[in-house]
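Here is a short set of exercises to work through with the model open beside you. Try each task before reading its solution.

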Amino acid sequence: MKSLEQADIVVIGGSAAGLTAALTARRHYPDKRVLVIRKEDRVLIPCGIPYIFGTIGSPSKDVIPDDVLEKNTIDLLVAEVVDIDRENAKLMTSDGQEVSYDRLVLATGSLPVMPPVPGFDKKNVYAIHKDIALLEQLQKDLESVKHLVIVGGGFIGVEIGDECNKLGGMEVTIIEMLPRCLMLSYDEEFCQVAEGLLRERGLTVLTGTKVARLIGNDRATTVELENGEKLPTDAVILGIGAVANTELARKCELRLGPTGSIQVDRTMRTEDERIFACGDCAEKVSFFGGKPSPLKLASIASSEARITGANLFGVRRESLGTIGVWATAIGDTAFAGAGLTEDLAGRHGYDIVVGTSEGPNRHPGCMPDMHELRVKLIFERRTGVILGAQIMGDKAAGEIINIASACIERKMTIDDVATFQMGTHPALTASPIAYQFANAAESALLQL
């Protein structure tokens with residue numbers, strides 16, 4: 001059996017969490033040897049996967065460049081880790097190598113959910129794995145597809161559906177079991193607009209229904225819904241969520257948490273003082289009340305990785321809990337959210353007030369690139385602390401929502417949000433008088 005020399009820090013996984021943890025460790029511990037081990041020869045940019053089918057055009061264009069490792073003197077080993085010997089602080093790879101470590105970071109990510117429905121094991125049913133070869137095969141198979149059915153109306157389903165629709169020559173149908181697409185991320189009025197845009201762009205959207213079974217021999221030819229409706233199909237893509245990849249953690253008997261992910265504390269350390277976990281494979285708690293959170297986002301993964309990498313040889317950072325920040329776009333209209341929706345706030349037991357503001361994103365409104373921008377802010381009634389935000393319209397929503405997330409994390413009040421000093425410019429933002437983010441807070445203030 002071959003053996004590699006001791007690595008001070010070993011990171012298993014090279015995607016959003018693994019790469020960020022390695023880079024953070026390098027910054028905080030410049031004298032330590034950092035080694036990343038991953039089984040993929042090339043690593044996909046996770047959030048870019050839906051766009052390979054239309055906008056980008058190829059999985060090979062959606063990869064994280066390895067030169068960032070070399071520039072930061074981080075070593076890379078392309079191999080699959082198959083076991084961890086916690087007692088002797090070493091791990092084994094599938095090709096017989098042993099690697100010893102002082103600190104180990106598990107960033108093994110997640111796997112797509114497969115529904116327990118008859119027929120989902122057929123050849124033309126595709127889960128979205130973060131695998132270039134599989135995605136290239138799917139892209140090739142889609143060239144002959146006339147009827148495409150996508151199961152799941154969350155971000156993955158909506159984005160892949162919209163991108164495949166851009167290819168032309170196929171009918172795309174999205175099936176969502178909830179009353180609206182994107183309903184776990186936005187309130188009713190935002191979801192309604194999103195569905196309208198999808199339909200305007202030529203997609204069929206069926207909500208409030210489930211798939212009962214897939215009919216066909218080795219390939220699915222018909223999707224039967226629970227209401228009895230039958231849809232012809234040449235391919236089915238699954239976009240119904242992800243589960244933590246905890247195979248290695250289970251093998252070495254690390255404790256798992258309530259959602260089945262690797263249990264960690266607020267420093268991202270597992271029960272083993274030498275082992276940390278971050279990203280989709282790590283257990284999360286909500287910023288709002290500390291209950292287990294199922295959220296899995298690259299933005300959360302990179303935040304946890306920055307905490308992990310800093311804490312490997314002494315606590316420097318702690319996680320405050322998962323807020324959840326996200327965005328998507330349908331055509332030229334962006335949808336962004338952070339924290340709790342109005343519906344989720346109610347289910348968490350908060351008594352809330354809601355403020356909204358809508359208007360042009362330029363001033364005056366005749367400026368080029370003007371787009372209506374709508375901001376919705378949710379505050380706790382008693383304290384006035386901000387709990388959530390949703391933004392729709394201008395693509396700048398993707399950046400404005402990050403401001404909202406910072407406000408939520410710092411527990412800013414209605415008055416704080418209404419009076420913070422913002423920079424504006426006619427060609428770049430709304431008027432300072434009509435600035436939607438501040439005016440939404442003022443709108444909420446009127447309800448107290």
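Helices (H or I, at least four residues) and strands (E, at least two) are DSSP runs, numbered from the N terminus. This is a predicted model, in which local features need pLDDT of at least 70, side-chain atom pairs count only at pLDDT 80 or more, and totals for chains, interfaces and linings use all residues. Residues are numbered from 1 along each chain as its sequence is written, and side-chain values use heavy atoms, with hydrogens and water left out.

**Exercise 1. Place Ser 357 in the fold and list its contacts.**

Step 1: find the element. Ser 357 belongs to strand β22.

Step 2: check the burial, where buried means under 20% relative accessible area, exposed over 50%, and partly exposed in between (1.4 Å probe, protein chains only). With a relative accessible area of 11%, Ser 357 is buried.

Step 3: collect the contacts, meaning heavy atoms within 4.5 Å. Once neighbours within four places in sequence are set aside, Ser 357 touches Leu 373, Arg 374, Val 375, Gln 436, Asn 439 and Ala 440.

**Exercise 2. Which residues of helix α11 are buried, and what covers them?**

Step 1: go through residues 436-445, the span of α11. The buried ones are Gln 436, Phe 437, Ala 438, Ala 440, Ala 441 and Ala 444.

Step 2: recall some helix geometry. An α-helix has 3.6 residues a turn, so residues three or four places apart point the same way.

Step 3: look for the cover. It includes strands β22 (352-360) and β23 (372-380), together with helices α9 (397-409) and α10 (414-419).

**Exercise 3. Work out the strand order of the open sheet that holds β12, β13 and β14.**

Step 1: apply the pairing rule, by which two strands pair if DSSP finds at least two bridges between them. Four bridges link β12 to β13 (residues 222-225), and the two run antiparallel. Val 211, for instance, faces Leu 225 in β13.

Step 2: write the order. This open sheet of three strands reads β12-β13-β14, with antiparallel pairing.

Step 3: find the edges. β12 (211-215) and β14 (230-232) each have a single partner strand, so one side of each lacks a neighbour in the sheet.

**Exercise 4. How many residues lie between the strands in the hairpin of β20 and β21?**

Step 1: confirm the pair. β20 (residues 325-330) and β21 (residues 333-339) run antiparallel and are joined by six bridges. Within this pair, Thr 328 stands across from Phe 335 in β21.

Step 2: inspect the turn. Two residues lie between the strands, and Gly 331 takes a positive phi near 65°.

**Exercise 5. Why is Cys 281 not bonded to Cys 278?**

Step 1: set the criterion: a disulfide is a pair of cysteine sulfur atoms within 2.5 Å. The structure holds zero disulfides. Cys 252 is in none, and its nearest cysteine sulfur, that of Cys 281, is 11 Å away.

Step 2: turn to Cys 281. Its closest cysteine sulfur, in Cys 278, is 6.5 Å away, which is too far for a bond.

Step 3: compare with burial. Cys 252 is buried at a relative accessible area of 8%, and Cys 281 is buried at 0%.

**Exercise 6. Describe the chain as a whole.**

Step 1: count the elements. There are eleven helices and 24 strands.

Step 2: note the extent. Along the principal axes, the C-alpha atoms fill a box of roughly 70 × 55 × 40 Å.

Step 3: add the burial. Of the 448 residues in the chain, 52% are buried.
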